Amino acid sequence: CDRWYVHLTSPETSDNFRDAIATIQPYKGIRDHSKRPKWYHAIREHIMANWHGIMHTGHEADDGLAMVHYGTLPAPTPDVSGLVHSRGEVISYSPPVVIASIDKDLKGVRGATLFNWSHATTVTLSDEEANRWFYTQCLTGDLVDHIKGLSLTRPESKYLGKSVGMKNPWVVSLDALTDPVDMYQLVLDAYWERDYKMDKMGPKLSAPLMRMVELGPAGSLLENARLLHMLEYPGQLWEPPQ
């Protein structure tokens, strides 16, 4: 590559738009943000000053990587001190950008070329593959980011059946679909099926599942999808395909 940048998420959790829209359960609510590695802040400052660092506020670094790919992130330009700032231009890389990351969420970025340094692998995603991964996550949820999806805790699974994993019939059924509208409808059907079961359980439901009943199938899916979706442009809120 002839140019490279390191993308960082703001250490202020309140800067993330996902915190404000997560009502089913707190976004990344199982993480302890008070505990950081000893040199956490010093390393981040060093990256910003010397390693072409870009600090993202309002969204996360992986959103920034996605927007660089889509060509919608304001272009960073080094100033005389070596720091990187946004000048308001639109990034236009030639040849196309390569995203170097081990974050699985980026598998939902359509057309992205991903380099995974842990496995020394590079893959270019088709739109179909990226859409399928995104809707898979809408079903399975994301334990690391504390996004519910249709996943279940062990107590919940006692009265609602098995949790939704990669071998779940709903997830497997996505393999046969190519149109994102069809993928969305299949996932929404899964949410309707779960809603029907939850509605019968009444007071036995956990607080997150009670909130999903309040939101309804379409509302629950909308919230989960907005939390999982990698931004295509600044300020985007995901909407169902038409």
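# A guided tour from Lys-28 to helix α4

Begin by selecting Lys-28, which is buried, with a relative accessible area of 15%, in a model that is predicted. To find Lys-28 along the chain, look in the loop that lies between α1 (17–21) and α2 (40–50). The backbone deserves a look here, since Lys-28 has a positive phi of about 55° although it is not a glycine. Most residues other than glycine have a negative phi.

Next, select His-146, which is found in the loop between α4 and α5 (154–160). Is His-146 buried or exposed? At 17% relative accessibility, His-146 counts as buried, because buried means under 20% relative accessible area. His-146, too, is not a glycine and yet has a positive phi, in this case about 60°.

Now move to helix α4 itself by selecting residues 127–140, a stretch of 14 residues. From its first C-alpha to its last, α4 reaches 20 Å, which is close to the 20 Å expected at 1.5 Å a residue. Just after the helix, select Gly-141, which follows α4 and has a positive phi, near 75°.

With α4 still on the screen, colour its residues by how covered they are: how many of the 14 are buried? Eleven of the 14 residues are buried, so that α4 is mostly covered. The buried residues begin with Ala-130, Asn-131, Arg-132, Trp-133, Phe-134 and Tyr-135, and they continue with Thr-136, Gln-137, Cys-138, Leu-139 and Thr-140. To see what lies over these buried residues, show the elements that cover them, which include α6 (169–173), α7 (180–201) and α8 (207–228).

Take α7 as the partner to show beside α4, and compare the directions of the two helices. The pair packs at an angle of about 10°, with the axes 10 Å apart. That angle makes α4 roughly parallel to α7. For the contact itself, select Glu-128, Asn-131, Arg-132, Tyr-135, Cys-138 and Leu-139 on the α4 side, and you will find that they meet Pro-180, Met-183, Tyr-184, Val-187, Ala-190 and Tyr-191 in α7. Sorted by class, this contact of α4 with α7 has nine nonpolar, one polar and two charged residues.

Then hide α7 and show α8 instead. Here the packing angle with α4 is about 125°, and the axes are 9 Å apart. Why are α4 and α8 called oblique to each other? Their angle of about 125° lies above the 65 to 115 degrees that count as roughly perpendicular and is not over 145, where roughly antiparallel begins, and therefore the two helices are oblique. If you turn the view so that one helix lies in front of the other, you are looking at a right-handed crossing, in which α4 passes α8. The residues to select for this contact are Phe-134, Gln-137 and Cys-138 of α4, together with Leu-221, Ala-225 and Leu-228 of α8. By class, the contact of α4 with α8 has five nonpolar residues, one polar residue and no charged ones.

For the last stop, leave the helices and select Val-98, whose place is in strand β5 (residues 98–100). Val-98 is partly exposed, with a relative accessible area of 48%. Leaving aside its neighbours within four places in sequence, Val-98 is in contact with Thr-113 and Phe-115, so add both to the selection. Finally, select Trp-4 as well: its C-alpha atom is separated by 9.3 Å from that of Val-98, although the two residues are 94 residues apart along the chain.

Conventions: Residues are numbered from 1 along each chain as its sequence is written. This is a predicted model: local features need pLDDT of at least 70, side-chain atom pairs count only at pLDDT 80 or more; totals for chains, interfaces and linings use all residues. Side-chain values use heavy atoms; hydrogens and water are left out. Helices (H or I, at least four residues) and strands (E, at least two) are DSSP runs, numbered from the N terminus. The expected span of a helix is 1.5 Å times one less than its number of residues. Buried means under 20% relative accessible area, exposed over 50%, partly exposed in between (1.4 Å probe, protein chains only). Contact means heavy atoms within 4.5 Å. Axes are lines fitted to C-alpha atoms, for helices over the stretch in contact, and angles run from 0 to 180 degrees between N-to-C directions. Angles under 35 degrees count as roughly parallel, over 145 as roughly antiparallel, 65 to 115 as roughly perpendicular and the rest as oblique. A crossing is left-handed if the near helix is turned anticlockwise from the far one by less than a right angle, and right-handed if clockwise. Ala, Val, Leu, Ile, Met, Phe, Trp, Tyr, Cys and Pro count as nonpolar, Asp, Glu, Lys and Arg as charged, and the others, Gly among them, as polar.
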